[in-house]
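Student: Please give me a close look at one part of this model, namely the way its charged side chains are paired. I should then like the account carried on to the loops, helices and buried positions of the chain.

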Amino acid sequence: MKDIVLLHVDDTIENDIVFKGYDVVDDILSKLKKHEFSSNSVISVSSGYSGKYASYPDLFRRSNCDVSDWKNIFKKYEADNIIKIYADSPFSDMNIISEMVDIHKKYLAEFTFSENLPQGFSCVIVSRELADSIPESGENMLPLEKVVKSNINQFDVELFYKGPDVRDKRLNFRISDKREKLILENLYSLENRVPAYEDVKRLIESNPEVLYIAPSYYEIELTCRAEITSLYSYRPIVESGRKDMESACFRKILSGAENSGTAYSICLGGSGDPLLHPAFYEYVETALESVLLEKLIIETDGLLCDESFITFLQKKNDNRIHVILDCSGYDNETYKLIHGADLFEKVHSNIELLKNHFGDDSSRFYIQILKINETENYLDKYYDYWMKKKVSIILQKQNTYLGKIEDRRYYDLSPVVRTPCWHLQRDLYILSDGTAAFCKEDVNGEWSDFNIPAHTVQEIWNSKKEFFINDYRKNLCKNPDCSKCDEWYTFNF
């Protein structure tokens with residue numbers, strides 16, 4: 001039986017894949033020579049790739065059709081099984097891959113993969129029989145791996161499990177992402193070596209600072225103003241007189257985000273509706289100039305998502321823009337009950353405009369409803385109403401902001417076991433006057449001595465590191481009282 005290893009170089013990779021001074025592909029090839037689960041190795045690159053690995057003797061250039069590529073690889077190399085390893089994986093563990101190959105062969109599997117092992121440690125194994133069974137089509141098809149995972153009961157699939165489970169860390173252990181690379185470099189530096197998989201969880205939990213890189217999510221409050229105040233709004237506890245965000249402040253935030261060198265997302269949200277800011281469109285255009293920006297999320301009540309807003313979206317034509325529209329109603333009565341205004345028809349009309357603009361891209365436009373006592377009895381109707389209109393829905397838990405607003409939840413969604421706070425690890429929340437809040441619960445910035453006019457993003461981020469580490473070790477902050485918070489398990493993009 002002939003098995004080959006396929007080292008997959010992502011389309012986005014153009015240069016050498018280097019980690020801690022050595023070439024990762026050369027290192028993986030060297031590791032493979034010590035194992036006998038493959039007869040030879042092939043490097044797979046995009047059709048236009050011209051980097052270092054283009055001179056490799058066994059090179060496969062991919063086409064635009066994943067299924068055809070798999071068929072062609074099996075045919076070209078007369079292979080029975082292909083073991084796919086991502087080339088940007090310095091932590092790839094050959095012992096794990098060897099175990100997966102043994103199981104794949106023992107049970108004559110068509111497809112073997114691991115759900116709990118993160119990318120960068122394991123592999124995917126595909127048999128010739130599987131590739132041959134997928135019919136070719138002139139139309140665009142899903143990648144073979146997605147076809148199998150979406151129809152897992154139709155194929156002979158082996159799910160490989162190996163503990164400990166580190167999925168809760170949300171890491172992929174591949175270095176084509178700058179943030180992941182910095183984390184892996186931190187892990188490497190702990191013992192000056194690539195750790196074995198079984199050691200990773202222990203190392204992270206003993207040294208949580210390795211995860212603390214830079215903000216990946218900036219929530220920026222452009223204004224405190226809004227045309228409506230919903231039952232669950234925290235606007236009534238926001239200090240009055242907070243001015244709109246100035247251009248210099250906004251640009252300094254973006255500059256700080258860029259200086260981190262890592263990808264990030266921005267949410268224009270906070271206590272007010274960002275579209276009410278007089279420079280809203282200017283700020284959005286400025287943010288979109290960043291090559292490191294992955295997503296720009298606009299949280300709005302929808303009242304200003306009119307033709308002008310749609311025209312702007314059409315003109316920008318940027319798939320990084322996402323819209324989350326807060327609408328906890330599906331008719332005049334339910335909308336007025338929650339939002340205190342007879343404006344459903346206007347919001348509904350704007351939802352239709354947004355739906356038509358985003359079309360089939362349901363991942364970029366959502367309407368959001370809060371799961372509270374007042375919506376409990378009509379959640380099913382709400383869901384059916386908007387699903388029939390093919391609008392994606394976010395069912396959101398209520399945040400009481402450490403008990404400062406009335407708790408309207410009809411049950412507690414919090415996990416039984418408390419885990420480290422995602423927001424302290426990844427988020428930065430900036431109020432409209434430039435105050436860098438302690439976290440999203442600090443709606444008036446009363447627990448922070450930092451602000452954008454006086455400090456850089458890096459200085460603000462560094463000031464929070466101690467709180468993150470203490471929280472990770474279950475030494476919860478007393479001021480603010482993190483023990484009263486139940487937002488620690490919620491995760492932003």
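**Salt bridges and their surroundings**

Tutor: Lys397, Asp407, Arg409, Lys440, Asp486 and Glu487 are joined to one another in a network of salt bridges. The model is a predicted one, and a search through the whole of the structure returns 34 salt bridges.

One member of the network, Arg409, leads to a neighbouring backbone position. Its C-alpha atom is separated by 4.5 Å from that of Ile372, although the two residues are 37 residues apart along the chain. Ile372 belongs to the loop between strand E14 (365-370) and helix H13 (373-376). With a relative accessibility of 0%, Ile372 counts as buried. Leaving aside residues up to four places away in sequence, Ile372 touches Tyr232, Ile338, Gln398, Arg408 and Tyr410.

Outside the network, one pair to examine is Glu145 and Lys84, whose side chains meet in a salt bridge of 2.8 Å from N to O. This pair links distant parts of the chain, for Glu145 is in helix H5 (residues 144-150) and Lys84 is in strand E6, 61 residues apart. Glu145 has a relative accessible area of 11% and is therefore buried. Lys84 is buried because its relative accessible area is 9%, the limit for that class being under 20%.

Strand E6 (81-86) also has a part in covering another element, helix H1. The buried residues of H1 (residues 24-32) are Val24, Val25, Ile28, Leu29 and Leu32. Viewed down the axis of H1, these residues fall within an arc of 135 degrees, and they therefore line one face of the helix. In general, an α-helix has 3.6 residues a turn, so residues three or four places apart point the same way. The cover over the buried residues of H1 includes strands E1 (3-8), E2 (18-19), E3 (22-23), E4 (40-45) and E6 (81-86), together with helix H3 (94-106). At the start of H1, a side-chain oxygen of Asp23 comes to within 3.0 Å of the backbone nitrogen of Val25.

Asp168 brings the account back to salt bridges, since its side chain takes part in two of those described here. With Lys169, the side chain of Asp168 forms a salt bridge of 3.4 Å, N to O. With Lys201, the closest N and O atoms are 3.7 Å apart. Asp168 lies in the loop between strand E9 (157-160) and helix H6 (178-191), whereas Lys201 is in helix H7 (residues 197-206), so this pair ties together parts that are 33 residues apart in sequence. The residues concerned vary in their exposure: Lys169 is buried because its relative accessible area is 6%. Asp168, at 38%, is partly exposed, and Lys201 counts as partly exposed at 22%.

The loop between E9 and H6 has further backbone features. Pro164 is placed in that loop, and the peptide bond from Gly163 to Pro164 is cis, with omega near 0 degrees. Arg170, also in the loop between E9 and H6, has a positive phi near 55 degrees while being a residue other than glycine. Arg170 is partly exposed, with a relative accessible area of 45%.

Comparable backbone features occur in the segment after helix H16 (457-472), where Pro480 is placed. A cis peptide bond joins Asn479 and Pro480, with omega at about 10 degrees. Lys474 lies in the segment after H16 as well, and its phi is positive, about 70 degrees, although Lys474 is not a glycine. At 58% relative accessibility, Lys474 counts as exposed.

Uncharged positions complete the picture, beginning with helix H14 (residues 379-388), the place of Tyr383. Tyr383 has a relative accessible area of 39% and is therefore partly exposed. Together with Met387 and Leu395, Tyr383 forms a nonpolar patch on the surface, with about 270 Å² of accessible area in all. Trp386 is likewise placed in H14, but Trp386 is buried, with a relative accessible area of 0%. Residues up to four places away in sequence being set aside, Trp386 touches Cys327, Gly329, Tyr330, Phe344, His348, Ile351, Ile367, Val391 and Ile393.

A last polar contact involves Ser260, in the loop between helix H8 (247-259) and strand E11 (264-268). The side chain of Ser260 makes this contact with the side chain of Thr262, at 3.1 Å. Ser260 has a relative accessible area of 18% and so is buried.

Key
Residues are numbered from 1 along each chain as its sequence is written. This is a predicted model: local features need pLDDT of at least 70, side-chain atom pairs count only at pLDDT 80 or more; totals for chains, interfaces and linings use all residues. Side-chain values use heavy atoms; hydrogens and water are left out. Helices (H or I, at least four residues) and strands (E, at least two) are DSSP runs, numbered from the N terminus. Buried means under 20% relative accessible area, exposed over 50%, partly exposed in between (1.4 Å probe, protein chains only). Contact means heavy atoms within 4.5 Å. The arc is that of the directions from the helix axis to the C-beta atoms. A polar contact is a pair of N or O atoms within 3.5 Å; within protein, one must be able to donate a hydrogen and the other to accept it, and residues adjacent in sequence count only if both atoms are side-chain atoms. Patches are made of residues with over 30% relative accessible area and no salt bridge: like charges are joined within 9 Å, nonpolar side chains (Val, Leu, Ile, Met, Phe, Trp, Tyr) within 5 Å. Accessible areas come from the Shrake-Rupley method with a 1.4 Å probe; for residues, only the protein chains shown count as cover. A salt bridge is a side-chain nitrogen of Lys or Arg within 4 Å of a carboxyl oxygen of Asp or Glu.
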